[in-house]
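Okay, thanks for squeezing me in, everyone. I'll put the structure up, and then we can go through the ligand, the domains and the charged pairs.

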Amino acid sequence: MLDFSLSDEQVALRDMVRKFVQQEIIPNAAKYDETSEFPREIINKAWQTGLMNIAIPEKFGGLGLGVLGDVIINEEMGAGCLGMTTSIAVNTLGLYPILLGGTEAQIEEFVVPFLSSPKLASFCLTEPGSGSDAGSLSTMAKEEGDYFILNGSKMWITNAGHADLFTVFCTTNKELKTKGIICLAVPANLPGISLGKHENKLGQRCSDTRSITFENVQVPKKNLIGKMGEGFKIAMRTLDRTRTPIAAGAVGAARAAMNYSKNYAKERKQFGQPIANFQAIQFMLADMAVKIESARLLCYNAAWLIDKGQDEQGSYFSALAKRHAADMAMEVATDAVQIYGGYGYTKEYPVEKIMRDVKLVQIYEGTSQIQRVLIARHLLKD
Ligand code: CAA
């Protein structure tokens, strides 16, 4: 049987997030965008409300809500502010490597503490010289007695300046390419870790984005997540689970852009009537609705597949969802600014911020081009 309805629990979750967004995120979004201040207070409230770390399984005291739960949360938060959504959601990205590859003892040690206080985790894959080609990373982990000695730099790391824990992807032998990559759980207070400046970004300005440098950082061998050489697959499996919630954030942002421009089009008069009466505007709104609804369905489908354990199809659908949602949100936000005309180009109205914010979704967690690579590989494989 095919059923498109959300369960009562999912509806309750969605309504709870919607209320949180109305009360905490929307009233503060413009201020944090302007100052690019880190929204620590709002993150703490999101944690208290139970909107973070929902993927932690019930056996460890979490909610075990899976990817669909994060999709529902992120769509609502994305309708409020994508910068805050990223800041709040990135724990999922930081913790999934340990949930997927770690032992029970490692989950207890590194993940479970996130349930008792609003800690933050950062996912450290990208480097100054390794972005889309993640397998070419060169941060080095050298074995020495009971430790890995970590040296190298990471780039564009979300929440880096506020994180308690880094999940770091590094290599023990660069010649082995992806098979030389390991994953380490690295507490942020280890000596030898230094942070770059907070990047002054076009959009999602309140999310904290920095470089990190590791200089002879001694990481205990017990912090190895998964086996030697398994790091790349852990990173890819993690991204399969986080690209869909990121896509859902874009769906929420696009939905907000459509609603703002729909309301504006009904109020704004030109040629003696509301511009909503003109077919040029109506067609833009209609196309927005088609794009948003189709992207949401892809997100639900991708989340459903992953949550059912169908990893291969889920990976394919998460690439479809991310590619479609990111690009459609950029189109929708651009058209929203167009409907607002000159007013939309100013900070007096909310749509220019959405346009700046959604641009990043086409870039982070795998660019729209990398999603196309993944989709084409799936289509063309034997
Ligand atoms: N699940 C399990 N295993 C996978 C996998 C998956 N989804 N994808 C690949 N693998 C396995 C492959 O099967 C292969 O295994 P074998 O060696 O055993 O055959 C191995 O991993 C290597 O895979 P590929 O040969 O496909 O590797 P590649 O070098 O061709 O790269 C890529 C693949 C998809 C392009 C990858 O580099 C990629 O995803 N790049 C984008 C990186 C990215 O998304 N970065 C985002 C950073 S995080 C971020 O942005 C966060 C933020 O700020 C909020």
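**Starting at the ligand**

So, first contact: in the side chain of Arg243 there's an N or O atom sitting 2.7 Å from an oxygen atom of the ligand. Keep in mind as we go that this is a predicted model.

Staying with the ligand, Asp240 comes in too, with a polar side-chain atom 2.7 Å from a ligand nitrogen. Then there's a backbone contribution: a polar backbone atom of Ala134 is 3.4 Å from an oxygen atom of the ligand. If you pull up the whole surroundings, you'll get 25 residues around the ligand, and the closest are Lys179, Lys233, Asp240, Arg243 and Arg377. So Asp240 and Arg243, which I just mentioned, are both on that list of the closest ones.

Okay, zooming out to the domains. The assignment splits the chain into three pieces: domain 1 is 8-115, domain 2 is 121-228, and domain 3 is 232-380. The pair I want to talk about is domain 1 with domain 3. Their C-alpha centres are 20 Å apart.

How much area is buried between domain 1 and domain 3? About 2300 Å², with carbon and sulfur atoms giving 65% of that. In residue terms, 25 from domain 1 are in contact with 31 from domain 3.

Now for the polar side of that interface. Between domain 1 and domain 3 we count 9 residue pairs in polar contact, with both residues at pLDDT 80 or more. The salt-bridge rule finds 4 across the interface. As for a concrete pair, have a look at Glu76 and Arg255: they form a salt bridge, and their closest N and O atoms are 3.0 Å apart.

Which helices supply the domain 1 side? Helix 1 (8-35), helix 3 (66-78) and helix 4 (82-101) each put in at least two residues of the side that touches domain 3. By class, that side of domain 1 has 12 nonpolar, 7 polar and 6 charged residues.

Last bit, charged pairs in general. Side chains of opposite charge can pair when their charged atoms come close. Over the structure, the count of salt bridges is 24. Another one to click on is Lys45 with Glu24, at 3.1 Å from N to O. That pair links distant parts of the chain, with Lys45 in helix 2 (residues 40-49) and Glu24 in helix 1, 21 residues apart.

That's my tour, happy to rotate things if anyone wants another look.

Note on methods: Residues are numbered from 1 along each chain as its sequence is written. This is a predicted model: local features need pLDDT of at least 70, side-chain atom pairs count only at pLDDT 80 or more; totals for chains, interfaces and linings use all residues. Side-chain values use heavy atoms; hydrogens and water are left out. Domain bounds come from an automatic or database domain assignment. Contact means heavy atoms within 4.5 Å. Buried area is the accessible area (1.4 Å probe) that two parts lose on being put together, summed over both. A salt bridge is a side-chain nitrogen of Lys or Arg within 4 Å of a carboxyl oxygen of Asp or Glu. A polar contact is a pair of N or O atoms within 3.5 Å; within protein, one must be able to donate a hydrogen and the other to accept it, and residues adjacent in sequence count only if both atoms are side-chain atoms. Helices (H or I, at least four residues) and strands (E, at least two) are DSSP runs, numbered from the N terminus. Ala, Val, Leu, Ile, Met, Phe, Trp, Tyr, Cys and Pro count as nonpolar, Asp, Glu, Lys and Arg as charged, and the others, Gly among them, as polar. A residue is near a molecule or strand if one of its heavy atoms lies within 4 Å of it.
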